[in-house]
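Trainee: Please show me the sequence and the model. I have some questions about them.

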Amino acid sequence: MKSLWAPWRLPYLKGKKAKACIFCLGPRADDRRRHVLHRNRSTFVIMNAYPYSNGHLMVAPYRHVANLNKLPSAVLGELLATTQLAISALQAVYAPDGFNVGINFGKAAGAGIEAHLHLHIVPRWNGDTNFMSTVAGVRVIPEGLDHAYTQLLPRFRRRAK
Ligand SMILES: [Zn+2]
C-alpha cells in the first residue's frame with residue numbers, strides 16, 4: 001500500500017523505532033505535542049501519528065501491558081467508555097459513515113507496538129476503500145495532524161467529567 005502524500009509515515013516506514021514507548025505518557029504539558037486528546041482515570045486517547053484515515057485515534061491504558069488479561073475489569077470497562085467518547089468526538093467533527101474499531105495482538109496480527117496494548121478507531125466513509133485504497137493502491141490523507149488535533153480537542157473537553 002503506497003501513500004500519495006503522507007510525510008509523517010516516512011520515519012515509520014523507514015523502520016526507525018523510537019526508544020521510548022509512545023503509549024507510556026509523560027507530563028500533561030506534552031499532550032499537545034504528542035497529540036494526546038483526552039486523559040481518563042486509567043485510559044487515554046491519542047492520535048495515530050501514522051494514520052490510515054483522517055481521525056485515526058487510539059485508546060490505551062496508562063499501564064504498560066501487552067495483554068488484555070493483565071488489565072483489571074474496571075480498566076477494561078473504562079477502555080470501552082473512553083472509546084465511546086472518542087467515537088462521539090469523531091462523529092461530531094468528521095461525520096463518518098462507519099468505524100473500524102479493534103486491537104491487534106502480536107506482529108502476525110499487524111501490531112506495530114506489541115508491548116503496550118492499544119485500541120484503534122478508524123473512521124470510514126462510503127467508497128473510501130473501493131475508490132483510492134483498493135482500486136488505485138494508494139491512500140490519501142489530506143488533513144495534517146495538528147489541524148485535526150485542534151478540531152477534535154474541544155469535543156473531548158466538552159464531554160470530560
Ligand atoms: Zn508503554
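**Metal site, core and cavity**

Mentor: The zinc ion's donors are spaced C-x2-C-x39-H-x51-H along the chain. Donors are N, O and S atoms within 2.8 Å of the metal (3.2 Å for Na, K and Ca); water is not among the atoms, so sites may look incomplete. This is a predicted model: local features need pLDDT of at least 70, side-chain atom pairs count only at pLDDT 80 or more, and totals for chains, interfaces and linings use all residues. Residues are numbered from 1 along each chain as its sequence is written, and side-chain values use heavy atoms, with hydrogens and water left out.

Trainee: Which atoms coordinate the zinc ion?

Mentor: The distances run from 2.0 to 2.3 Å. The donors are Cys-21 (SG), Cys-24 (SG), His-64 (ND1) and His-116 (ND1).

Trainee: What is the geometry of the site of the zinc ion?

Mentor: Four donors count as tetrahedral if all angles lie between 85 and 135 degrees. Here the angles among the four donor atoms are 100 to 119 degrees, and the site is tetrahedral.

Trainee: Why does Cys-21 count as buried or exposed?

Mentor: Buried means under 20% relative accessible area, exposed over 50%, partly exposed in between (1.4 Å probe, protein chains only). Cys-21 has 19% relative accessibility, so Cys-21 counts as buried.

Trainee: Which element gives the most to the largest nonpolar core?

Mentor: A nonpolar core is a set of buried Ala, Val, Leu, Ile, Met, Phe, Trp, Tyr and Cys residues joined through side-chain atoms within 4.5 Å. The largest has 24 residues; Leu-37 and Phe-156 are among those touching the most other members. With eight residues, the top contributor is α2.

Notes: Four donors count as tetrahedral if all angles lie between 85 and 135 degrees; four count as square planar and six as octahedral if opposite donors are over 155 degrees apart and all others between 65 and 115; anything else is irregular. Helices (H or I, at least four residues) and strands (E, at least two) are DSSP runs, numbered from the N terminus.
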